Amino acid sequence: MQILVAIYSPFAAWCIPDAQVAALRDEFPGHTLVHVRDDTEALAHIAGTDVVFGARLRPEQIAAAPGLRWVHSPAAGVGNMLFPAMVESAIQLTNSRGIASVPIAEQVIAVTLALLRDLPLAWRRQQEHVWAQEEYHAASPPRLLRDCRVLIVGVGSIGSAVASLVSGFGAEVVGIRRQAGRPVPCVGVLRPPQALDDELPRADVIVIAAPQTAETQHLLGERELGLMRDGAVLVNVSRGKLVDEAALARELRRGRIRAALDVFEHEPLASDSPLWDSPHALLTPHVSGHFAGYWPAATAMFAENLRRFAEGQPLLNPVDKRAGY
């Protein structure tokens, strides 16, 4: 069986290390593993490929691989591979959901606490060597996560991990989920997507952890952002396109809400984006899912699925290509 390992990015952290590819070759000596490092190499070597371990594919690459039977993503998000030719094909698609749930949930806790206690103000004044005790408390008295109502939009593996940590602080947890009838540990109330408008004005913290699909594009637009209560905190660790960035920038200028963003509509974030200079925004460069041990974990998940695929067993983490997750 020929396997194409096509996990590359302009950012080194998201490129599979050579050592992990070597480990796969050692573990599966009966298969041919081809490691490519860009789109051009992928297109040149994909003919004859049975399996792709890759973060993205393009329509022309699919067209050049008539024997391709299965694609496994090293990440949870697969939106960039769900073009019509892939969706309509018989190619199985699986992902690595679950391996980054805990680090992403910990990032949610970190940035939420930072904004509830207005640590960005403290960091700015630290750079200026200013003792801002009066300003710190007058501008926004620190708030307790324990006293917050936390709305988690998308209660999959990441949302569930967030719920577990948030509930440990004593916060009230409400979830928005398509299958709202199935209970989730640490989530007090589960509501369907149609209840989003009802829940936004009631939440102190809103965590976006839903997958990117046609239905979730700009899930939070100008109208929805306007429904958020004064002083609310928005945390997006899903995909940037779930939030209307221009509308959010306008809302942040009003100073009515705060936002912690790890993902953006276009990455890297443009240097002239107004989000950079907002005192009410805390930005991180799409790093919440990365942690020491990420690549061994992602490779191990692929290896387990490769064994299953070779033996004709059901694969872990199948993706519904039409639903988008």
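Two strands are said to pair if DSSP finds at least two bridges between them. With that definition in hand, good morning, and let us turn to the structure shown above, which is a predicted model.

I shall begin with the strands near the start of the chain. Strand β1, residues 2-6, and strand β3 run parallel and are joined by 4 bridges. One bridge can be located by its residues: Ala 6 has Gly 54 as its partner in β3. On β1 there is a second neighbour to consider. Strand β2, residues 32-35, also runs parallel to β1, and again 4 bridges join the two. Here Gln 2 is matched with Thr 32 of β2. How many of the residues of β1 are buried? The count is 4 of 5, and the strand is thus described as mostly covered.

Let us now follow β3 to its other partner. β3 pairs with strand β4, residues 70-72, through 3 bridges, and the sense is once more parallel. Within this pairing, the partner of Val 51 in β4 is Trp 70. If you trace these strands on the display, you will therefore find β3 bridged to β1 and also to β4.

The side chains of β3 deserve a moment. In a regular strand, side chains alternate between the two faces of the sheet. In β3, which covers residues 51-54, Val 51 and Phe 53 point one way. Val 52 and Gly 54 point the other way. Are these residues buried or exposed? All of them are buried.

Just before this strand we meet Thr 49, in the loop between α2, residues 39-45, and β3. Thr 49 counts as buried because its relative accessibility is 1%, and the cut-off for buried is under 20%. Which residues does Thr 49 touch, leaving aside those up to four places away in sequence? They are Gln 2, Leu 4, Gly 67 and Leu 68. By contrast with these contacts, consider Glu 304: its C-alpha atom is separated from that of Thr 49 by 19 Å, and the two residues are 255 apart along the chain.

Two further residues show other degrees of exposure. Glu 60 belongs to helix α3, residues 59-63. Because its relative accessible area is 43%, Glu 60 is partly exposed. From Glu 60 to Ala 85 there are 25 residues in sequence, and their C-alpha atoms lie 9.5 Å apart. Pro 183, for its part, sits in the loop between β7, residues 172-176, and β8, residues 189-191. Pro 183 counts as exposed because its relative accessibility is 71%. The C-alpha atoms of Pro 183 and Gly 67 are 41 Å apart, with their positions 116 residues apart in sequence.

I turn next to the backbone. Where is the residue Asp 118 found? Its place is the loop between α5, residues 101-116, and α6, residues 119-127. Asp 118 is not a glycine, yet its phi is positive, near 50 degrees. Asp 118 counts as buried, because its relative accessibility is 7%. Asn 317, in the segment after α12, residues 294-311, is likewise not a glycine and has a positive phi of about 55 degrees. With a relative accessibility of 16%, Asn 317 counts as buried. One more backbone feature concerns Pro 268, in the loop between β11, residues 258-261, and β12, residues 281-283. The peptide bond between Glu 267 and Pro 268 is cis, with omega at about 0 degrees.

Finally, let us step back to the whole chain. The protein chain contains 12 helices and 12 strands. Its C-alpha trace spans about 65 × 45 × 30 Å along the principal axes. Why does the radius of gyration agree with that of a compact globule? With 325 residues, such a globule would have a radius near 20 Å, and the chain has 21 Å. Buried residues make up 50% of the 325 residues. Among contacts with a separation of 6 or more, 62% come from residues 24 or more positions apart. The exposed area is about 15,200 Å², of which carbon and sulfur atoms supply 55%. As for charge, there are 30 positive and 35 negative charges, and their mean positions are 4 Å apart.

That concludes my presentation, and I thank you for your attention.

Technical notes. Residues are numbered from 1 along each chain as its sequence is written. This is a predicted model: local features need pLDDT of at least 70, side-chain atom pairs count only at pLDDT 80 or more; totals for chains, interfaces and linings use all residues. Side-chain values use heavy atoms; hydrogens and water are left out. Buried means under 20% relative accessible area, exposed over 50%, partly exposed in between (1.4 Å probe, protein chains only). The radius of gyration is taken over C-alpha atoms; the globule rule is 2.2 Å times the number of residues to the power 0.38. Contact means heavy atoms within 4.5 Å. Accessible areas come from the Shrake-Rupley method with a 1.4 Å probe; for residues, only the protein chains shown count as cover. Lys and Arg count as positive and Asp and Glu as negative; His and the chain ends are not counted. The place of a charge is taken as NZ of Lys, CZ of Arg, CG of Asp or CD of Glu.
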